Amino acid sequence: MAIPFGTEQLSIYYGHFQAVKQISLAFPEASVTALIGPSGCGKSTFLRSLNRMNDEISGSRTEGHIWMDGKDLNEPGTDVIKLRQKIGMVWQKPNPFHKSIYNNIAFGPRYRGIKGKKALDEIVEKSLRRAALWDEVKDRLNESALSLSGGQQQRLCIARALSVDPQILLLDEPASALDPVSTGKVEELISELKKDLRIVIVTHNMQQAARISDYTAYFYLGNMIEHGDTEHIFTNPDNRLTQEYIMGRFG
Ligand SMILES: Nc1ncnc2c1ncn2[C@@H]1O[C@H](COP(=O)(O)OP(=O)(O)OP(=O)(O)O)[C@@H](O)[C@H]1O
C-alpha cells in the first residue's frame, strides 16, 4: 500500500468492545486533518493509535495497518520509542515535566544522544521559536516550566514535541483547557507548523476545526462516517449524520 501516512482498515478494541471500526484514512503532507464527532465516538483512541500510544492501555488491541513511508507501524517489531520521535503527541492538558523550561526541551534530544551544550542550546532556541514561545521565555530558561501560564505550558509541550524533529504531530484537544487568547496563539501556531508537518487534531470546537483544518473526518460510534475537504464537510456534507452534528442537532 503506498500511503505516505495513514491507516487501512484500522480497528481498535478494549477487551471485547470495538471502539474504532475499520477506518482507512490518509493524512496528506503539509496539512491539518481534524477529527470531529460526539463524545465517545473513538476520536482519541484512533489518534493515540497513530503513534502506538494506545498500546499502553491494558486490554487494548489494534488490528489493521498504520502506514508510514511503506512500513506498517502496527507490526510487532516496530521500535515505538523511535516512532514517537517521528510522530509527536500533545495532550489536552499541558503536561510539562517538573524541570526547567530549557530541560523540558533538551530532554528528548539528550535522550537521542546529543550532549554538547552548543548543539542543545540551538535546538532549545529553534524549538521554542517554532512554537512561538522564544520571546516570552528567553530570559527565564532556567525557571521551572510550571511557572508558565497554561497557554505557555501548552506551547512548551508543542516545542518539546518539535525538539526531536517529528514529521507528524498528533494534537488531542490541545486548546480546550486554554483561554481564548491562548487558543488563538495555538491555532496560529498550528497553521504555521503545518507548512512542514502533517498535523492531526481532535477537537470538539467546530469553529476551530473549520478555521484551522484542511480536511475533516466525522466519527460516530467508532465509524468514520465521512471524510473530505473541510469546506465541503462544513458547507455541504454528503451524509445526513455529519450534517446533523455540524448543525449542532446532536452530540
Ligand atoms: N481505557 C479504556 N478502556 C475501556 N474503554 C475505553 C477506554 N478508553 C476509551 N474507551 C471507550 O472507547 C470508546 C471511545 O473512546 P474515546 O475516548 O476514543 O472517544 P472520543 O471520541 O475521543 O471521546 P471524547 O470526545 O469524549 O474524548 C468509548 O466508548 C470509551 O468509553
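**Helix crossing and a buried strand**

Helices H4 and H6 are oblique to each other (not under 35 degrees, over 145, or 65 to 115). The model is predicted: local features need pLDDT of at least 70, side-chain atom pairs pLDDT 80 or more, while totals for chains, interfaces and linings use all residues. Residues are numbered from 1 along each chain as its sequence is written, and side-chain values use heavy atoms, without hydrogens and water.

**Exercise 1.** Determine how the axes of H4 and H6 cross, and which residues make the contact.

*Solution.* Step 1: locate H4 at residues 117–130 and H6 at residues 150–162 (DSSP runs of H or I, at least four residues; strands are E, at least two; both numbered from the N terminus). Step 2: their axes come within 8 Å and cross at roughly 130° (lines fitted to C-alpha atoms over the stretch in contact; N-to-C angles from 0 to 180 degrees). Step 3: Ser127, Leu128 and Arg130 of H4 meet Leu156, Ala159 and Leu162 of H6 (heavy atoms within 4.5 Å).

**Exercise 2.** Establish whether strand S7 is buried or exposed, and identify the strands with which S7 pairs.

*Solution.* Step 1: in S7 (residues 168–172), 5 of the 5 residues are buried, so this strand is largely enclosed by the rest of the structure (buried: under 20% relative accessible area; exposed: over 50%; partly exposed in between; 1.4 Å probe, protein chains only). Step 2: Ile168, Leu170 and Asp172 cover one face, and Leu169 and Leu171 the other. Step 3: S6 (residues 87–90) pairs with S7 in the parallel sense over 4 bridges (at least two DSSP bridges are required), with Val90 opposite Leu171. Step 4: S8 (residues 198–202) runs parallel to S7 and is joined by 5 bridges; Val202 of S8 is the bridge partner of Asp172.
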